[in-house]
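Work through the exercises below with the structure open beside you. Try each task before reading its solution.

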Amino acid sequence: MRIFVLGGDGFCGWPSALHLSAHGHDVTIVDSGVRRRIDTELGVRSLTPIRTLDERVAAWRKATGKTIGTVEMDIALDYEDLTELLSAERPDSIVHFAEQRSAPYSMKSPAHKRYTIDNNVNATHNLMDALVETGVDAHVVHLGSMGVYGYESVPVDLPEGYLTVSYPDRTGTMRSREILYPTNPGSVYHLTKSLDQLVFQFYARNDGVRVTDLHQGIVWGTQTDETTLDEALINRFDYDGDYGTVLNRFLVEATIGYPLTVYGSGGQTRAFINIRNTVQCIRLAVESGDEVSGRPRVMNQVTETHRIADLADLVARVVGAQVVHLSNPRAEADVNELSAVNDHLLALGLDPILLESGLLAESVDIAHKYADRVDKERIPASSYWNREREAKSEVPAGG
């Protein structure tokens, strides 16, 4: 299958591109390089030393004999180039990672909010419009977020995208229909993922574009079977307050003797997935594209849920660390419950990797190996959801 991976140089995109290539697919990465430029903007770098994209694909070819193509393009801006590429290559499937992926980054300032909206919404809409204009019948697999559902405590397992509602019409007759599960985004980043859903719904209904929207939980871990083949293939490991996912951040903090920073009560429950399961889910979604028609297929890409405080306690026990509670920069409830259905991916063959699997040790080893690359000043959260939250901010002692 000929596959484009948009944003294929990023944290989820790179290992997904390798995984698809390893399974015999013809992969081309389309990437603008913006994630690397954001590192420069923030004055931070991946804990793991990542090579240039050219060096990465060369190392993949050397390790496996398989070739991955690369195209430098910003699909949010370069619409004409995108249509020319689609017309020339006519991919069977397009994996869409080409969006700014950090909630904290999206809330740093008015400029960061506008950039996130401009980039993410334009990227998604340009892709939909370009597929219609060129007549390319490519199945789009989009990496969405569990955050579109919000984090309210509701005594129900979150369904996969759709909710059946009943209501009386004006004659009093009860009617039923399925709607997209009502969104409740908690950041501008999550707002763009909510808007993506509406874009997909429109183009699926109006033009028959085939879309799978994967609502992914928080990713933990760094390496996959493919990225471990050569050090030049190593994946990103973000630990900073803007891009570091919570469990990876905890592991780095513990490794360097920095307090584990739990923001708020720690009673927030979140959905999680290991990076190895992420790439498996992407492949399962791509390879089942023939099943998609009509409305977008929505699948919850999660394997387990945990309270943040419980994760901190787990890392403290495994690695040895002090836990500190700081004021929460996010405007959210101190405590919530969360449970979600993931029947679709399980039916396709997802083999869940849980925290109890032992793979946490792999991330601990990576954190130890590259601990000298940590910049402690970049660990604390530096993005605040509003002025009130910023006024209550604090930095942990010993930081």
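Two strands are said to pair if DSSP finds at least two bridges between them. Keep in mind throughout that this is a predicted model.

**Exercise 1. Find the strand that pairs with β10, state the sense of the pairing, and describe the two faces of β14.**

Step one is to locate strand β10 at residues 260–263, which pairs with β14 in the parallel sense over 4 bridges. Step two is to pick out one of the residue pairs: the bridge partner of L260 is V323 in β14. Step three turns to the faces, and here it helps to recall that in a regular strand the side chains alternate between the two faces of the sheet. In β14, which spans residues 323–326, V324 and L326 make up the covered face, whereas V323 and H325 make up the uncovered one.

**Exercise 2. Give the strand order of the open sheet that contains β11, and name its edge strands.**

Begin with the order, which is β9-β11-β13 in an open sheet of 3 strands with mixed pairing. The edge strands are β9, at 218–220, and β13, at 304–307, since each of them pairs on one side only. From one strand to the next, the twist averages 45°. Next, look at strand β11, residues 269–274, which runs antiparallel to β13 and is joined to β13 by 4 bridges; F272 has E304 of β13 as its bridge partner. Finally, add helix α9, residues 275–287, which lies across β9 and β11 and runs at about 75° to β11.

**Exercise 3. Decide whether V246 and F250 are buried or exposed, and list what they contact.**

First place the residues: V246 is found in helix α8, which covers residues 246–255, and F250 lies in α8 as well. The cut-off for buried is a relative accessible area under 20%. V246, with a relative accessible area of 11%, is therefore buried, and F250, at 0%, is buried too.

Now turn to the contacts, leaving aside neighbours within four places in sequence. V246 is in contact with I218, F272, I308 and L311. F250 is in contact with L260, T261, V262, I308, L311, A312 and V315. As a last step, compare sequence with space: V246 and V219 are 27 residues apart in sequence and 8.7 Å apart from C-alpha to C-alpha, while F250 and V132 are 118 residues apart in sequence and 44 Å apart in space, again from C-alpha to C-alpha.

**Exercise 4. Describe how helices α4 and α6 pack, and say which kinds of residue meet there.**

Start from the geometry, in which α4 (residues 79–89) and α6 (residues 110–134) pack at an angle of about 50°, with their axes 9 Å apart. The two helices are therefore oblique to each other, and α4 passes α6 in a right-handed crossing. On the α4 side the contact involves Y79, L82, T83, L86 and S87, which meet N126, L127, D129, A130, L131, E133 and T134 in α6. Sorted by kind, the residues of this contact divide into 6 nonpolar, 4 polar and 2 charged.

**Exercise 5. Locate S32, and decide whether S32 is buried or exposed.**

The first step places S32 in the loop between β2 (26–31) and α2 (34–42). The second step is the accessibility, and S32 is buried because its relative accessible area is 15%. The third step names what S32 touches, namely R37, E72, M73 and D74, not counting residues up to four places away in sequence.

Notes. Residues are numbered from 1 along each chain as its sequence is written. This is a predicted model: local features need pLDDT of at least 70, side-chain atom pairs count only at pLDDT 80 or more; totals for chains, interfaces and linings use all residues. Side-chain values use heavy atoms; hydrogens and water are left out. Axes are lines fitted to C-alpha atoms, for helices over the stretch in contact, and angles run from 0 to 180 degrees between N-to-C directions. Contact means heavy atoms within 4.5 Å. Buried means under 20% relative accessible area, exposed over 50%, partly exposed in between (1.4 Å probe, protein chains only). Angles under 35 degrees count as roughly parallel, over 145 as roughly antiparallel, 65 to 115 as roughly perpendicular and the rest as oblique. A crossing is left-handed if the near helix is turned anticlockwise from the far one by less than a right angle, and right-handed if clockwise. Ala, Val, Leu, Ile, Met, Phe, Trp, Tyr, Cys and Pro count as nonpolar, Asp, Glu, Lys and Arg as charged, and the others, Gly among them, as polar.
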